[in-house]
Amino acid sequence: MTTDFIQQLQDDVWGILTNDAGFTSVPVYRARTPLEKDADGAPIVGQSAMIEEEIEQTLGGLTMKNGKCGIVAVVMLPDVKAESAESRGPALELTVIVRIIEDRLFNEGLTGTGITSAQLALHTVQVLHRRSLRGLYTLRVHPQSMMEEVPLPGDRTAQEVRLILSRSMAPLPKCARPAGTLVEGTLTLTCSEEAAVIYWTQDGTWPGPQNPQAAFYESPVDVHEATQIRAAAYAGEMQPSDDVWITV
(Lines give C-alpha, C1' and ligand atoms only; values in the text may rest on other atoms or scores of the structure.)
Protein backbone atom coordinates (compact mmCIF):
# COMPACT_ATOMS: atom_id res chain seq x y z
CA MET A 1 0.00 0.00 0.00
CA THR A 2 1.67 3.22 -1.13
CA THR A 3 1.17 6.80 -0.06
CA ASP A 4 0.39 7.65 -3.69
CA PHE A 5 -2.51 5.19 -3.76
CA ILE A 6 -3.95 6.56 -0.51
CA GLN A 7 -3.72 10.12 -1.79
CA GLN A 8 -5.28 9.07 -5.11
CA LEU A 9 -8.22 7.59 -3.19
CA GLN A 10 -8.57 10.84 -1.25
CA ASP A 11 -8.43 12.81 -4.51
CA ASP A 12 -11.16 10.60 -6.01
CA VAL A 13 -13.52 11.18 -3.07
CA TRP A 14 -12.74 14.91 -3.12
CA GLY A 15 -13.50 15.05 -6.85
CA ILE A 16 -16.84 13.25 -6.45
CA LEU A 17 -18.04 15.61 -3.72
CA THR A 18 -16.70 18.76 -5.39
CA ASN A 19 -18.69 17.99 -8.54
CA ASP A 20 -21.87 16.95 -6.73
CA ALA A 21 -24.81 19.38 -6.87
CA GLY A 22 -25.30 19.08 -3.10
CA PHE A 23 -21.93 20.78 -2.55
CA THR A 24 -22.52 23.71 -4.91
CA SER A 25 -22.23 26.18 -2.02
CA VAL A 26 -20.07 24.03 0.26
CA PRO A 27 -16.25 24.11 -0.04
CA VAL A 28 -14.59 20.68 0.03
CA TYR A 29 -11.04 20.44 1.35
CA ARG A 30 -8.40 17.69 1.35
CA ALA A 31 -6.41 17.25 4.56
CA ARG A 32 -3.09 15.70 3.56
CA THR A 33 -2.03 15.79 7.21
CA PRO A 34 -4.19 15.65 10.35
CA LEU A 35 -5.97 18.87 11.27
CA GLU A 36 -4.31 19.59 14.58
CA LYS A 37 -3.03 22.36 16.86
CA ASP A 38 -0.11 22.69 19.23
CA ALA A 39 -0.28 22.73 23.04
CA ASP A 40 -1.18 26.44 23.01
CA GLY A 41 -4.03 25.94 20.55
CA ALA A 42 -2.23 27.57 17.61
CA PRO A 43 -2.45 25.83 14.19
CA ILE A 44 0.66 23.81 13.40
CA VAL A 45 2.56 25.43 10.53
CA GLY A 46 2.24 23.55 7.26
CA GLN A 47 -0.55 22.40 5.00
CA SER A 48 -2.83 21.54 7.91
CA ALA A 49 -2.46 25.12 9.19
CA MET A 50 -3.39 26.55 5.79
CA ILE A 51 -6.48 24.35 5.62
CA GLU A 52 -7.40 25.37 9.17
CA GLU A 53 -7.22 29.04 8.15
CA GLU A 54 -9.39 28.53 5.06
CA ILE A 55 -11.94 26.58 7.09
CA GLU A 56 -12.06 29.30 9.74
CA GLN A 57 -12.63 31.98 7.10
CA THR A 58 -15.51 30.08 5.51
CA LEU A 59 -17.14 29.13 8.80
CA GLY A 60 -16.78 32.70 10.06
CA GLY A 61 -18.26 34.35 6.98
CA LEU A 62 -15.02 35.94 5.73
CA THR A 63 -15.00 33.89 2.51
CA MET A 64 -17.93 32.44 0.62
CA LYS A 65 -18.71 29.93 -2.09
CA ASN A 66 -21.47 31.04 -4.44
CA GLY A 67 -22.44 33.68 -1.90
CA LYS A 68 -22.85 31.20 0.95
CA CYS A 69 -20.85 30.36 4.08
CA GLY A 70 -21.07 28.60 7.42
CA ILE A 71 -20.39 24.97 6.51
CA VAL A 72 -17.48 23.02 5.00
CA ALA A 73 -16.52 19.43 4.18
CA VAL A 74 -13.06 17.99 4.79
CA VAL A 75 -11.93 14.73 3.19
CA MET A 76 -9.41 13.28 5.62
CA LEU A 77 -6.42 11.22 4.54
CA PRO A 78 -7.74 7.60 4.51
CA ASP A 79 -6.77 5.44 7.47
CA VAL A 80 -5.16 2.06 6.73
CA LYS A 81 -5.94 -0.99 8.85
CA ALA A 82 -3.78 -4.09 9.15
CA GLU A 83 -4.40 -7.24 7.14
CA SER A 84 -7.66 -9.02 7.85
CA ALA A 85 -7.31 -12.57 9.15
CA GLU A 86 -10.70 -13.43 7.66
CA SER A 87 -9.89 -12.49 4.09
CA ARG A 88 -9.10 -15.15 1.51
CA GLY A 89 -5.84 -13.47 0.65
CA PRO A 90 -3.71 -10.59 1.90
CA ALA A 91 -5.89 -7.49 2.09
CA LEU A 92 -5.81 -4.00 3.49
CA GLU A 93 -8.86 -2.08 4.62
CA LEU A 94 -9.04 1.67 4.29
CA THR A 95 -11.44 3.91 6.19
CA VAL A 96 -12.47 7.06 4.36
CA ILE A 97 -13.62 9.88 6.66
CA VAL A 98 -15.46 12.98 5.50
CA ARG A 99 -15.89 15.58 8.23
CA ILE A 100 -18.75 18.07 7.86
CA ILE A 101 -18.20 21.15 10.04
CA GLU A 102 -20.94 23.74 10.60
CA ASP A 103 -21.04 27.09 12.38
CA ARG A 104 -24.74 27.43 13.16
CA LEU A 105 -24.52 31.18 13.80
CA PHE A 106 -23.45 31.86 10.20
CA ASN A 107 -25.02 28.85 8.49
CA GLU A 108 -28.49 29.80 9.74
CA GLY A 109 -27.99 33.48 8.85
CA LEU A 110 -28.79 35.40 5.68
CA THR A 111 -25.69 34.13 3.87
CA GLY A 112 -25.88 30.60 5.26
CA THR A 113 -26.59 27.51 3.19
CA GLY A 114 -29.57 26.45 5.30
CA ILE A 115 -28.23 22.88 5.14
CA THR A 116 -27.34 21.40 8.53
CA SER A 117 -24.25 19.29 9.08
CA ALA A 118 -26.48 16.26 9.74
CA GLN A 119 -28.37 16.77 6.46
CA LEU A 120 -25.16 17.20 4.48
CA ALA A 121 -23.60 14.16 6.16
CA LEU A 122 -26.59 12.05 5.14
CA HIS A 123 -26.33 13.38 1.59
CA THR A 124 -22.62 12.48 1.61
CA VAL A 125 -23.51 8.90 2.54
CA GLN A 126 -26.03 8.73 -0.30
CA VAL A 127 -23.46 10.05 -2.78
CA LEU A 128 -20.55 7.81 -1.75
CA HIS A 129 -22.15 4.54 -0.60
CA ARG A 130 -21.58 1.81 -3.22
CA ARG A 131 -19.66 4.31 -5.34
CA SER A 132 -17.16 2.67 -7.69
CA LEU A 133 -13.65 4.11 -7.79
CA ARG A 134 -11.48 3.55 -10.85
CA GLY A 135 -13.66 0.60 -11.80
CA LEU A 136 -11.79 -1.56 -9.29
CA TYR A 137 -12.99 -0.65 -5.81
CA THR A 138 -16.30 0.11 -4.15
CA LEU A 139 -16.98 2.33 -1.16
CA ARG A 140 -19.50 1.17 1.43
CA VAL A 141 -20.67 2.65 4.70
CA HIS A 142 -18.81 1.65 7.85
CA PRO A 143 -20.83 -1.12 9.56
CA GLN A 144 -20.23 0.20 13.09
CA SER A 145 -20.19 3.97 12.63
CA MET A 146 -21.69 5.28 9.40
CA MET A 147 -22.26 8.76 10.86
CA GLU A 148 -20.99 10.13 14.14
CA GLU A 149 -21.43 13.53 15.75
CA VAL A 150 -18.21 15.24 16.86
CA PRO A 151 -18.65 17.71 19.73
CA LEU A 152 -17.21 21.17 19.14
CA PRO A 153 -17.25 24.28 21.33
CA GLY A 154 -19.64 27.20 20.89
CA ASP A 155 -22.10 27.28 18.01
CA ARG A 156 -20.16 24.75 15.97
CA THR A 157 -20.99 21.14 15.32
CA ALA A 158 -19.51 18.43 13.14
CA GLN A 159 -20.55 15.11 11.68
CA GLU A 160 -18.13 12.44 10.51
CA VAL A 161 -19.11 10.10 7.69
CA ARG A 162 -17.13 6.86 7.61
CA LEU A 163 -16.85 4.55 4.63
CA ILE A 164 -14.74 1.47 4.00
CA LEU A 165 -12.85 0.40 0.91
CA SER A 166 -11.29 -3.06 0.89
CA ARG A 167 -8.54 -3.68 -1.60
CA SER A 168 -7.19 -7.14 -2.33
CA MET A 169 -3.42 -7.18 -2.35
CA ALA A 170 -3.29 -10.22 -4.62
CA PRO A 171 -1.44 -9.26 -7.80
CA LEU A 172 -3.69 -7.60 -10.36
CA PRO A 173 -2.50 -6.83 -13.87
CA LYS A 174 -1.51 -3.22 -14.30
CA CYS A 175 -2.28 -1.22 -17.39
CA ALA A 176 0.71 -0.33 -19.54
CA ARG A 177 2.24 3.07 -18.94
CA PRO A 178 1.37 5.69 -21.57
CA ALA A 179 4.02 7.32 -23.73
CA GLY A 180 4.22 10.82 -25.14
CA THR A 181 5.64 12.12 -28.39
CA LEU A 182 6.15 15.84 -28.98
CA VAL A 183 6.46 17.14 -32.54
CA GLU A 184 6.46 20.88 -33.29
CA GLY A 185 4.34 21.80 -30.28
CA THR A 186 1.87 18.93 -30.66
CA LEU A 187 1.83 16.23 -27.96
CA THR A 188 0.55 12.76 -28.84
CA LEU A 189 -0.19 10.27 -26.05
CA THR A 190 -0.34 6.54 -26.75
CA CYS A 191 -0.68 3.30 -24.80
CA SER A 192 0.23 -0.21 -25.90
CA GLU A 193 -2.68 -1.67 -23.92
CA GLU A 194 -5.65 -2.44 -26.15
CA ALA A 195 -8.76 -0.34 -25.40
CA ALA A 196 -6.90 1.76 -22.82
CA VAL A 197 -8.02 5.33 -22.16
CA ILE A 198 -5.67 8.09 -21.06
CA TYR A 199 -6.20 11.02 -18.70
CA TRP A 200 -3.76 13.89 -18.33
CA THR A 201 -3.25 16.95 -16.16
CA GLN A 202 -1.16 20.08 -16.38
CA ASP A 203 -1.28 21.14 -12.71
CA GLY A 204 0.57 18.16 -11.23
CA THR A 205 -2.49 16.44 -9.73
CA TRP A 206 -3.24 12.77 -10.34
CA PRO A 207 -4.55 12.20 -13.89
CA GLY A 208 -7.67 10.18 -13.12
CA PRO A 209 -11.34 10.20 -14.14
CA GLN A 210 -12.52 11.48 -10.73
CA ASN A 211 -10.20 14.50 -10.80
CA PRO A 212 -12.07 17.52 -12.24
CA GLN A 213 -8.72 18.99 -13.31
CA ALA A 214 -7.89 15.93 -15.44
CA ALA A 215 -8.65 15.88 -19.16
CA PHE A 216 -9.72 12.80 -21.12
CA TYR A 217 -7.27 12.33 -23.98
CA GLU A 218 -9.08 12.21 -27.31
CA SER A 219 -6.67 13.76 -29.79
CA PRO A 220 -3.19 15.33 -29.91
CA VAL A 221 -2.75 18.35 -27.65
CA ASP A 222 -1.28 21.65 -28.81
CA VAL A 223 1.31 22.85 -26.29
CA HIS A 224 3.11 26.11 -26.98
CA GLU A 225 4.44 27.01 -23.52
CA ALA A 226 6.93 25.28 -21.24
CA THR A 227 4.99 22.98 -18.92
CA GLN A 228 4.79 19.46 -17.49
CA ILE A 229 2.11 16.99 -18.52
CA ARG A 230 1.22 14.13 -16.17
CA ALA A 231 -0.62 11.18 -17.73
CA ALA A 232 -1.95 7.75 -16.74
CA ALA A 233 -3.79 4.99 -18.61
CA TYR A 234 -6.82 2.87 -17.64
CA ALA A 235 -8.15 -0.34 -19.16
CA GLY A 236 -11.08 -2.47 -17.99
CA GLU A 237 -10.51 -4.27 -14.69
CA MET A 238 -6.77 -3.65 -14.68
CA GLN A 239 -5.03 -1.45 -12.16
CA PRO A 240 -4.33 2.09 -13.36
CA SER A 241 -0.94 2.44 -15.01
CA ASP A 242 2.01 4.13 -13.40
CA ASP A 243 1.93 7.81 -14.20
CA VAL A 244 4.34 9.43 -16.61
CA TRP A 245 5.66 13.01 -16.53
CA ILE A 246 6.34 14.68 -19.86
CA THR A 247 8.30 17.92 -19.89
CA VAL A 248 7.35 20.18 -22.76
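Phe-216 is partly exposed, at a relative accessible area of 40%, whereas Tyr-199 is buried, at 17%; here buried means under 20% relative accessible area, exposed over 50%, and partly exposed in between, with a 1.4 Å probe and protein chains only. The model is predicted, so local features need pLDDT of at least 70 and side-chain atom pairs count only at pLDDT 80 or more, while totals for chains, interfaces and linings use all residues. Residues are numbered from 1 along each chain as its sequence is written, and side-chain values use heavy atoms, with hydrogens and water left out.

A pair of aromatic rings is described by the distance of the centres and the angle of the planes. Rings of Phe, Tyr and Trp (its six-membered ring) pair if their centres lie within 6.5 Å, and planes under 30 degrees apart count as stacked, over 60 as edge-to-face and the rest as tilted. By this rule there are two aromatic pairs. In one of them, Tyr-199 and Phe-216 meet edge-to-face, with 5.4 Å from centre to centre and 65° between the planes. This pair links distant parts of the chain, since Tyr-199 belongs to strand β12 (residues 197–201) and Phe-216 to strand β13 (residues 215–216), 17 residues apart. Helices (H or I, at least four residues) and strands (E, at least two) are DSSP runs, numbered from the N terminus.

Tyr-199, buried at 17%, also takes part in a pair with Tyr-234: the ring centres are 5.8 Å apart and the planes stand at 85°, so this pair is edge-to-face. Because Tyr-199 lies in strand β12 and Tyr-234 in strand β15 (residues 228–234), the contact ties together parts that are 35 residues apart in sequence. Tyr-199 and Tyr-234 are both buried. Taken together, Tyr-199, Phe-216 and Tyr-234 are linked into a cluster by ring pairs.

A ring also meets a charge at Trp-14, where the charged end of Arg-30 sits over the ring, 3.7 Å from its centre. The criterion is that NZ of Lys or CZ of Arg is within 6 Å of the ring centre and within 35 degrees of the ring normal.

Turning to charged pairs, the structure holds eight salt bridges, each a side-chain nitrogen of Lys or Arg within 4 Å of a carboxyl oxygen of Asp or Glu. Among them is the bridge between Arg-156 and Glu-56, at 2.9 Å from N to O. Arg-156 lies in strand β9 (residues 156–168) and Glu-56 in helix α2 (residues 47–59), so this bridge ties together parts that are 100 residues apart in sequence. Glu-56 is partly exposed, at 36% relative accessibility.

Another bridge joins Arg-162 to Glu-160, with the closest N and O atoms 3.1 Å apart. Glu-160 is buried, with a relative accessible area of 6%. Both residues belong to a network of salt bridges that also takes in Arg-99 and Glu-148.

Strand β15 contributes Arg-230, whose side chain meets Asp-243 in a salt bridge of 2.7 Å, N to O. Arg-230 is in strand β15 and Asp-243 in the loop between β15 and β16 (244–247), 13 residues apart. Arg-230 is buried at 12% relative accessibility, and Asp-243 is buried at 16%.

The strands on either side of that loop, β15 and β16, run antiparallel and are joined by four bridges; two strands pair if DSSP finds at least two bridges between them. Ile-229 has Ile-246 as its bridge partner in β16. In a regular strand the side chains alternate between the two faces of the sheet. In β16, Val-244 and Ile-246 make up a covered face, and Trp-245 and Thr-247 an uncovered one.
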